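Let's take a relaxed walk through this structure. We'll look at how some of its helices meet, then at the space left between them.

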Amino acid sequence: MKTFKRFLIYGILGLILEVIYTGLASLLKGDFRMQGFTFLVMMPIYGLSIFLEPLHNYLRPFPWWTRGLIYLATIWMIEYSSGVILAEVLGDCPWQYCDRLSIDGYITLRMAPEWFLAGLGFEVLHDFLDELPFEI
């Protein structure tokens, strides 16, 4: 049950952060409506962060920059493989990166800083959930 609860927490938090991120990105493009968006199919993909918990426990002794790079590579692997699977199952991937730094449209190197920081932010959330006085 703990795994399922954390899967839901990571999935829902991922959706919320994506809406905030895309809303701020639209503001930077001059859209004062700050219209954010996500895709519902992203919830289980963000929920897969549950599998980063053992990786985080293993990486604790490493320097922050090493951990961040490993999270970045792991997130890119998840994002790329999820994109391929969704394209096969649904006939299309909900996201499509079109910049010159994209790889097959499924990931983009442009997002490296965001995913690097997201991985390190995940550590904080993971530790917070572990330190709660009740089990989640």
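Which residues in H4 meet which residues in H5? Keep in mind that this is a predicted model. On the H4 side you'll find Trp64, Trp65, Arg67, Gly68, Leu69, Tyr71, Leu72, Ile75, Trp76 and Glu79, and their partners in H5 are Ala112, Trp115, Phe116, Gly119, Leu120 and Glu123. The axes of these two helices come within 8 Å and cross at roughly 110°. Angles of 65 to 115 degrees count as roughly perpendicular, so H4 is roughly perpendicular to H5. Sorted by class, the H4 and H5 contact holds 11 nonpolar, 2 polar and 3 charged residues.

H5 (residues 112-131) also meets H3, a helix made of residues 52-59. Their axes come within 10 Å and cross at roughly 95°, which means H3 is roughly perpendicular to H5. Here Leu52, Glu53, His56 and Asn57 of H3 touch Phe122, Glu123, His126 and Asp127 of H5. This contact splits into 2 nonpolar, 3 polar and 3 charged residues.

Then there's H1, covering residues 2-28, which packs against H5 at about 140° with the axes 12 Å apart. That angle makes H1 oblique to H5, and the crossing is right-handed. From H1 come Lys2, Arg6, Ile9, Tyr10, Leu13 and Tyr21, and from H5 come Glu114, Phe122, Leu125, His126, Leu129 and Asp130. The tally for H1 with H5 is 7 nonpolar, 1 polar and 4 charged.

Here are the three contacts by residue class:

| Contact | Nonpolar | Polar | Charged |
|---|---|---|---|
| H4 with H5 | 11 residues | 2 residues | 3 residues |
| H3 with H5 | 2 residues | 3 residues | 3 residues |
| H1 with H5 | 7 residues | 1 residue | 4 residues |

Now for the empty space. What is the volume of the largest pocket? It comes to about 1,300 Å³. Its lining counts 40 residues, and the closest to the centre are Glu18, Tyr21, Tyr46, Met111 and Trp115. Two of those names have come up already: Tyr21 takes part in the H1 contact with H5, and Trp115 takes part in the H4 contact with H5.

Which elements give two or more residues to that lining? They are H1, H2 (42-47), H4 (64-90) and H5. H1 gives the most, with 12 residues. By class, the pocket lining has 27 nonpolar, 8 polar and 5 charged residues.

Note on methods:
Residues are numbered from 1 along each chain as its sequence is written. This is a predicted model: local features need pLDDT of at least 70, side-chain atom pairs count only at pLDDT 80 or more; totals for chains, interfaces and linings use all residues. Side-chain values use heavy atoms; hydrogens and water are left out. Axes are lines fitted to C-alpha atoms, for helices over the stretch in contact, and angles run from 0 to 180 degrees between N-to-C directions. Helices (H or I, at least four residues) and strands (E, at least two) are DSSP runs, numbered from the N terminus. Angles under 35 degrees count as roughly parallel, over 145 as roughly antiparallel, 65 to 115 as roughly perpendicular and the rest as oblique. Contact means heavy atoms within 4.5 Å. Ala, Val, Leu, Ile, Met, Phe, Trp, Tyr, Cys and Pro count as nonpolar, Asp, Glu, Lys and Arg as charged, and the others, Gly among them, as polar. A crossing is left-handed if the near helix is turned anticlockwise from the far one by less than a right angle, and right-handed if clockwise. On a 1 Å grid over the protein atoms alone, a cavity is a set of points where a 1.4 Å probe fits but cannot get out, and a pocket is an open set with protein on both sides within 12 Å along at least five of seven lines; lining residues have an atom within 4 Å of a point. Grid points are joined across faces, edges and corners, and a volume is the space filled by probe spheres set on the points.
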